[in-house]
Amino acid sequence: MNRQIGDRGSRAARRTTSRRTVLRTAVQAGIAWPLAQTVSAGAAPAAGRTQVPAESLPRMEVRNPVFTVAERDRRWATVRANMAKPSWNLDAIITAASDQTGANARYLSQVVLVRYSGAGPQVLFPRDAAKKVYVQVTAARHVEEWTGRLAQGGWLADGRMVLTPETGGAAMAKLLAAEGFGRPGTRIGVAKLKGTRFEPDGVVSATYLDTLRAALPGVLFLPIEQWGPDAGPIDEAMLTKSGEEQDAIRRAVAANERGLTAMVGALRGGATRQGDLWWAAYASMVAATGSDIIRLSIGIDQGGNATLGEPVADSVSTGQFCSQEISSGFQGYGCQINHTFFVGGPSTPGYDYYQAAVEAGLTLHRRALAFIRPGRTTYDEFEKNARQIVADLGAQTSGVMVHSGGIGQARPRGGGDSVMVIQPGHAFDFKPGVTLVRDKSKDARERNRAVQIGESYVVTDTSVVRLGSRTLGPISTGDAPA
């Protein structure tokens, strides 16, 4: 895409406006609901620069764990069944301190440590359900905090999970030996020892692994993630989302839609820079979940991922397309949405093309999702059919079509995961970019621009269900709210 529009400038120039100033401006100008009826299912308040009413914000207690003991037991049983498969035959799984994002540790324990507060939680998860699950959390203050969160009626209540104030290879080696996992021939799976798409070399410290091997000679430390139909003992379990997990993703998607609303509201309130939109969306998304965002990238007349998740100084002006990749986090779970909107109104040059491209994108969603037969269709078959639909619509597609949804770098992640069968409980984003060919519809620019409509879905026994609630259709900043 031609990037001559906008005044990108130097890296330093992108940050000439302070975060505090932009946040203040965003709250005054549009972290609000002037577009509520257009991009969400709720009723719209009066037009204008309306602040988000305090009563409309979710209570900020969401940092506390929300998953029940029944959900814990479901996860643990599923992972243990996978560990017992002949292809794995693992006696235990451990997570390493160097994995600070800690999705595997969080999935098994709900425990997560804020970056720089401590190393990633080290979990010892035995295959034998009679043995305790241990979580090493760096310091006594972390044990105290997480005991408060998980003890009463939570995952610590029945004594099957134990927190200890330790970290590092020596601490894990000592624990493994004490729990009977030090004998030669013992098979220990190491989460993220070998990565997948974004971490091909894994995240486990070589020093950590050397310490374990030196202390426990003869014990086999094995990677547990792989491409293909069997993703691995934990990743395979993560693929199938329970009702509780689906609710968490749905909460994240609702926050995404608030972020989209905030962007449009900021423009209506007078914002002129991509960074203004970014901060407006960021503040709205964090307020909705109490957790930091997973991804927020905004491109002006270019792909949503063009700015790689940063607020920048690109100008925003009438006639441009605003695309984005938005992913909030709720309890570690997230899903992306994408919804290109138009800066201007129906009378602005380029709107007719924008509207036609959006309609083509929505037709693609309807036809492509109807193709899926849960338990039978592979992701590869789904994508191939979608690309054929794009061609039939007189358009071209660009970018990643299928994106994961769930906790951490959840699967499917493309590549080798394309051979996976789409199963009930899977959650994913479908986010194709659609560009109409010029003999079908001509943009106001020299070249036709891409429009991206991305939506989060969960697979049921018979179909695919949308997780978002906003109205899917053209969005333009020049329209007055209904």
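Which residue in E11 does Cys322 stand opposite? The answer is Phe341, and the route to that pair leads through the whole chain. This is a predicted model, in which local features need pLDDT of at least 70 and side-chain atom pairs count only at pLDDT 80 or more, while totals for chains, interfaces and linings use all residues. Residues are numbered from 1 along each chain as its sequence is written, and side-chain values use heavy atoms, with hydrogens and water left out.

The mean pLDDT of the chain is 86, and 86% of the residues reach 70 or more; pLDDT is the predictor's confidence in each residue, from 0 to 100. Over residues 1-54 the pLDDT stays under 50, and the model has 100 contacts for them beyond four places in sequence, a contact being heavy atoms within 4.5 Å. Residues 56-61 also have pLDDT below 50, with twelve contacts beyond near neighbours in sequence.

The chain has twelve helices and 18 strands. Helices (H or I, at least four residues) and strands (E, at least two) are DSSP runs, numbered from the N terminus. Of the 482 residues, 54% count as buried; buried means under 20% relative accessible area, exposed over 50% and partly exposed in between, with a 1.4 Å probe and protein chains only. Among contacts between residues at least 6 apart in sequence, 72% join residues at least 24 apart.

One open sheet has six strands in the order E4-E3-E2-E1-E5-E6, with mixed pairing. Two strands pair if DSSP finds at least two bridges between them. At the edges are E4 (161-164) and E6 (220-223), each pairing on one side only. From one strand to the next the twist averages 20°. Within this sheet, E1 (residues 92-94) and E5 (residues 187-190) run parallel and are joined by three bridges; Ile94 has Val190 in E5 as its bridge partner. Helix H3 (residues 69-83) packs on the sheet and touches E1, E2 (122-126), E3 (133-136) and E4, its direction making about 70° with that of E2. Axes are lines fitted to C-alpha atoms, for helices over the stretch in contact, and angles run from 0 to 180 degrees between N-to-C directions. Helix H7 (residues 206-215) packs on the sheet as well, touching E1, E2 and E6, at about 145° to the direction of E6.

A further open sheet has three strands in the order E7-E8-E11, with antiparallel pairing. E7 (295-300) and E11 (341-342) are the edge strands; each has a single partner strand, so one side of each lacks a neighbour in the sheet. Two bridges join E8 (residues 321-327) to E11, and here Cys322 stands opposite Phe341. Helix H9 (residues 243-268) lies across E7, E8 and E11, running at about 150° to E8. H10 packs on the sheet, touching E7 and E8, and its direction makes about 155° with that of E7.

H10 (residues 274-289) has 16 residues and reaches 23 Å from its first C-alpha to its last, close to the 22 Å expected at 1.5 Å a residue; the expected span is 1.5 Å times one less than the number of residues. Of the 16 residues of H10, 13 are buried, so the helix is largely enclosed by the rest of the structure. Just after H10, Gly290 takes a positive phi of about 75°.

Cys322 is buried at 0% relative accessibility, and Cys335 is buried with a relative accessible area of 1%. The structure holds zero disulfides, a disulfide being a pair of cysteine sulfur atoms within 2.5 Å.
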